[in-house]
Amino acid sequence: MRGYDGVLVEEHLRELAGHLHGPGRLKSDLITEARHALLDAAEAYREDGLPAAEAERRAVAEFGNPTQLVPGYQAELTAGALRRLAVRALAVAVALMAGGDLTWRGAHWDGGPPPVGYHVLSASLNGIWGLVAGLALAGLLLGFLAARYRSARLPRLGRAVGFGLTGALGLGALAGSALLAWSIGLWQAALTWPPMILGAVLTGVAWFALARAARCWLLATR
């Protein structure tokens, strides 16, 4: 294997990166930091008189192989993925709790006010989003702590909160879809109600962002 002009370093970093899963920007930052550390170490060995190939080989050997490095790097990526999911979930939960009813303000329901069951489902949905907000706050705290403190307990707690948050989001999606379908059944003109159309577009964008963040976190926990 050729080991000059940073070739050995780059091959080592590509192998390491292939084992890591998580937010792309954070992963790129971690690999960049590792590259700088390896090149600085190799440069120090070259200044001591070693040939470039041997300097890189020693720098890579001292840095560690992927089997040794992946657990630490992956823990940081998992914490970062949880933070990203929690931030998006918290923003969506707060927005929906604060503005969900605005999409129906001024609407004229066909056949009178919605039935009791509709109101129960609507209230349950608000409760679900309250749960999402609480879990998101817990995820932010645990993600922050896990990135700064080495503790076997914090990653386990983070996984539990992350799975709970993902499940609550799935439940919120189901309940929200059911409420929307029921609303359209009660008031067919909802499909042409401007606040409803705007709300549906914004909610769709939010759910797309949440789905990507949730997928990234699930991949990071593998």
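Reader: Setting aside neighbours within four places in sequence, which residues is Gln74 in contact with?
Author: Quick housekeeping: this is a predicted model, where local features need pLDDT of at least 70 and side-chain atom pairs count only at pLDDT 80 or more, while totals for chains, interfaces and linings use all residues. Residues are numbered from 1 along each chain as its sequence is written, and side-chain values use heavy atoms, with hydrogens and water left out. Taking contact as heavy atoms within 4.5 Å, the partners of Gln74 are His19, Leu20, His21 and Ala220.

Reader: Is Gln74 buried or exposed?
Author: Gln74 sits in helix 4 (helices, H or I, of at least four residues, and strands, E, of at least two, are DSSP runs numbered from the N terminus). The scale runs like this: under 20% relative accessible area is buried, over 50% is exposed, and in between is partly exposed, with a 1.4 Å probe and protein chains only. Since its relative accessibility is 11%, Gln74 counts as buried.

Reader: Ala220 came up as a partner; which residues of helix 7 are buried?
Author: Helix 4 and helix 6 are included in what covers the buried residues of helix 7. The buried set itself is Met196, Gly199, Ala206, Leu210, Ala213, Ala214, Cys216, Trp217 and Ala220.

Reader: How far apart are the end C-alpha atoms of helix 7?
Author: The expected span of a helix is 1.5 Å times one less than its number of residues. Helix 7 has 27 residues, so it should span 39 Å. The model agrees, with its end C-alpha atoms separated by 39 Å.

Reader: Which helix gives the most to the largest nonpolar core?
Author: A nonpolar core here is a set of buried Ala, Val, Leu, Ile, Met, Phe, Trp, Tyr and Cys residues joined through side-chain atoms within 4.5 Å. The largest has 27 residues, with Leu85, Ala89, Trp129, Val132, Leu165 and Leu169 making the most contacts inside it. Two or more residues come from each of helix 4 (66-99), helix 5 (116-146), helix 6 (153-186) and helix 7 (194-220). With 8 residues, the top contributor is helix 5.

Reader: And what does Leu165 touch, not counting residues up to four places away in sequence?
Author: Leu165 is one of the residues with the most contacts inside the largest core. Its list is Leu85, Ala86, Ala89, Val132, Leu135 and Ala136.

Reader: How many residues are in the other core?
Author: This one lies apart from the largest core, and its members include Val9, Ala17, Ile31 and Val60. Its count is 18 residues.

Reader: On to charges: which residue forms a salt bridge with Glu10?
Author: A salt bridge means a side-chain nitrogen of Lys or Arg within 4 Å of a carboxyl oxygen of Asp or Glu, and the structure holds 4 of them. Glu10, in helix 1 (residues 7-18), pairs with a residue 25 places away in helix 2 (residues 24-47), linking distant parts of the chain. Glu10 is partly exposed at 25%, and its partner, also partly exposed at 24%, is Arg35.

Reader: What separates the closest N and O atoms of Glu43 and Arg46?
Author: These two are 3 residues apart in helix 2, so about one helical turn lies between them. Glu43 is partly exposed at 33%, as is Arg46 at 30%. The closest N and O atoms are separated by 2.7 Å.

Reader: Which residues are linked in a network of salt bridges?
Author: Start with Arg58 and Glu54, whose closest N and O atoms are 3.2 Å apart. Both lie in helix 3 (residues 52-63), 4 residues apart, about one turn. The linked residues are Glu54, Arg57 and Arg58.
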